[in-house]
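User: I would like a close look at one part of this protein, namely the edge of its sheet and the hairpins there. Please set that part in the context of the whole chain.

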Amino acid sequence: MTQPNLPLTGACLCGAVHLHVTAAPLLTLACHCRDCQKLAASAYSLTAMFPANAVTTTGELVLGGLHSEERKHYYCPSCLSFVLSRLKAAPERVNLRASLLDDLTWFTPFVEIMTEEKQLWAKVPAPHSYARFPTTAEELADLMDEYAKTIAPPPPPSPGTGPA
Ligand SMILES: [Zn+2]
Ligand SMILES: [Zn+2]
């Protein structure tokens, strides 16, 4: 797992919505829930979680999904690409649909959630796996800490010990 080169950019399928991200991801996830299977038209959704203040979008976004108060899903109104989600309980974070980013070479799911609803053939190489999802703020904070350490650039070699 590596740190992406910043800024990260991305776009919906038609290009009406553009993404610009200036901070490293807080966590990467795959969600196997049945809702995500329907929203993503796939076996699971891919999320890159970022600090909300590091994410800028240009172009109009419209609400989609279940229009719940707790969890708002935003889409491009033209091509209907699933762009991002905001959770009422965590306004300081934004969940981007990772597949919209231009560069995905750095992306590997660090956590997979909702495996109790997963397609039987679906395999995700995430080091952390949850039948449902982390339930406490501490658990989530620990995952983000560990992820930050995992993607941190290696320390520079000390003088004299590296290859010549
Ligand atoms: Zn679009
Ligand atoms: Zn889901």
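Analyst: What follows begins with the whole protein and then turns to the hairpins.

This is a predicted model, in which local features need pLDDT of at least 70 and side-chain atom pairs count only at pLDDT 80 or more, while totals for chains, interfaces and linings use all residues. Residues are numbered from 1 along each chain as its sequence is written, and chains are lettered from A and ligands numbered from 1 in the order in which they are written.

The protein contains 2 helices and 11 strands, these being DSSP runs numbered from the N terminus, with helices as H or I of at least four residues and strands as E of at least two. Along the sequence they follow the pattern β-β-β-α-β-β-β-β-β-β-β-β-α. Buried residues, meaning those with 20 or more other C-beta atoms within 10 Å of their own C-beta, placed from the backbone, make up 30% of the 164 residues. The C-alpha atoms fill a box of roughly 60 × 35 × 30 Å along the principal axes.

An unreviewed UniProt entry lists residues 8-107 as "domain: CENP-V/GFA", although such annotations may be inferred rather than shown by experiment. Over residues 8-107 the chain is 7% helix and 43% strand, and the end C-alpha atoms lie 12 Å apart.

An open sheet with mixed pairing is formed by 8 strands in the order S6-S7-S8-S9-S4-S3-S10-S11, where two strands count as paired if DSSP finds at least two bridges between them. S6 and S11 (128-129) stand at the edges with a single partner strand each, so one side of each is left without a neighbour in the sheet.

At the S6 edge, S6 (residues 62-64) pairs with S7 (residues 71-75) in the antiparallel sense over 3 bridges. Within this pairing, Val-62 has Tyr-75 as its bridge partner in S7, and Leu-63 stands opposite Tyr-74 in S7. The hairpin of S6 and S7 has 6 residues between the strands, and Gly-65 takes a positive phi near 65° there.

On from S7, the pairing with S8 (residues 82-87) is again antiparallel and runs over 5 bridges, with Leu-87 in S8 as the bridge partner of Arg-71. S7 and S8 also form a hairpin with 6 residues between them, and in its turn Leu-80 has a positive phi of about 65°. As general background, strands of a sheet pair through backbone hydrogen bonds, either parallel or antiparallel.

Conventions:
A residue is buried if 20 or more other C-beta atoms lie within 10 Å of its own, exposed if 12 or fewer, and partly exposed in between; C-beta atoms are placed from the backbone.
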